[in-house]
Amino acid sequence: MARSRLTKYRFWLRIILNAIAIALLVMIFHYLNINGLLQSIITWIKDQGVIGIVAFIIVYNLATVLFIPGSFLTLGGGALYGVFFGSIYVFIAATLGATFAFLIGRYCARGYVSQKIRNNMTFRAIDAAICKEGFKIVLLTRLSPIFPFNMLNYAFGITRVALKDYILGSIGMIPSTIMYVYLGSLAMDVNLINSQLDSSPQTQIIQWSLRLVGLLATIFVSIYIARIAKRSLQQITKD
């Protein structure tokens, strides 16, 4: 009994410490003016040629792993490289960053989480559903802006979704990537990105279009997961 309580206390202590760590990161990012820092980095990248492209991808990867929103970098990719090449570089960078975060979640947290929820039938059912239909679920969640990109990378890492399905499902990022890169390309200058987003009617139309697509994808994936999880739960119960 005492050992069980100690394990329970350790579990909640880890939850609290992780929450504090995330809160501290958010505060640090706020006071460091991350967008200003990213703007300076993108301005430096602009004149670096091929090396700049590699640097852009590395910075995007780091931002993804560290929970730094990649929207400014995506817009910056459009301002630097235009719609076509900007979309290619951003998609490669976002996919690599998401994969790194996925692998961190899988190899650093999967075992611990599995041990904690092994008797939770609901999670086991959802996990089985994601394992079975991984590509479709990843694809649909990537289409939806409601699911936070950075958090989702780690969340998928603690499920049994295959790495291949996870990477292939990343094509769901293409529509929003192209749209935000296009918006960045309208600015033509990294320093004008924020003003372009605030003032352009075209920007508002595109953003609302993406939200509508995201909403439909969210509704569909929620229903889809619920149905598959229900079937998986029934199978688990029978077994």
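# Cores, helices and a buried arginine

I137 is located in helix 6. The model discussed here is a predicted one. With a relative accessible area of 1%, I137 falls under the 20% cut-off and is therefore buried. Its C-alpha atom is separated by 9.5 Å from that of V161, a residue 24 places away along the chain. V161 in turn is a member of a core of 9 residues, which also includes I130, L152 and Y166.

**R142 and its surroundings**

Helix 6 covers residues 134-143 and also contains R142. R142 is buried but forms no salt bridge. Which side chain of opposite charge is nearest to R142? It is D165, at 13 Å, whereas a salt bridge would require the charged atoms to be within 4 Å. The side chain of R142 does make polar contacts with the side chains of N153, at 2.6 Å, and Y166, at 2.8 Å. Beyond four places in sequence, the contacts of R142 include A98, F149, L152, G169, S170, G172 and M173. Two of the residues named here, L152 and Y166, belong to the core of 9 residues.

S170 sits in the loop that joins helix 8 (163-168) to helix 9 (174-187). Its relative accessible area is 0%, so S170 is buried. Apart from R142, S170 touches F91, T95 and V138, with residues up to four places away in sequence left out.

**The largest core**

The largest nonpolar core has 21 residues, and L38, F56, Y60 and L73 have the most contacts inside it. At least two residues of this core come from each of helix 2 (34-45), helix 3 (49-65) and helix 4 (71-117). Setting aside residues up to four places away in sequence, L38 touches V59, I68, F72 and L73. The core of 9 residues that includes V161 is separate from this one.

**Helices 3 and 9**

Which residues of helix 3 are buried? They are G52, I53, A55, F56, I57, V59, Y60, N61, A63 and T64. F56 and Y60 from this list are among the residues with the most contacts in the largest core. An α-helix has 3.6 residues a turn, so residues three or four places apart point the same way. In helix 9 the buried residues are T177, V181, L183, G184, S185 and A187.

The expected and modelled lengths of these two helices are set out below.

| Helix | Residues | Expected span | Distance between end C-alpha atoms |
|---|---|---|---|
| Helix 3 | 17 residues | 24 Å | 25 Å |
| Helix 9 | 14 residues | 20 Å | 20 Å |

For helix 3 the two values agree, the expected one being based on 1.5 Å a residue. The values for helix 9 agree as well.

**The loop between helix 3 and helix 4**

L66 is found in the loop between helix 3 and helix 4, and F67 has its place in that loop too. Are these residues buried or exposed? L66 has a relative accessible area of 45% and is therefore partly exposed. F67, at 34% relative accessibility, also counts as partly exposed. The C-alpha atom of L66 is separated by 8.8 Å from that of A101, which is 35 residues away along the chain.

F67 follows just after helix 3 and takes a positive phi of about 65 degrees. This residue is not a glycine. Most residues other than glycine have a negative phi.

Key: Residues numbered from 1 in each chain as written. Predicted model: local features only at pLDDT ≥ 70, side-chain atom pairs only at ≥ 80, totals over all residues. Heavy atoms only, no water. Core = buried A, V, L, I, M, F, W, Y, C linked by side-chain atoms within 4.5 Å. Buried < 20%, exposed > 50% of the residue type's maximum accessible area, 1.4 Å probe, protein only. Helix = DSSP H or I, 4+ residues; strand = E, 2+ residues; numbered from the N terminus. Contact = heavy atoms within 4.5 Å. Expected span 1.5 Å × (residues − 1). Lys, Arg positive; Asp, Glu negative; His and termini not counted. Polar contact = N/O pair within 3.5 Å; in protein donor to acceptor, adjacent residues only side chain to side chain.
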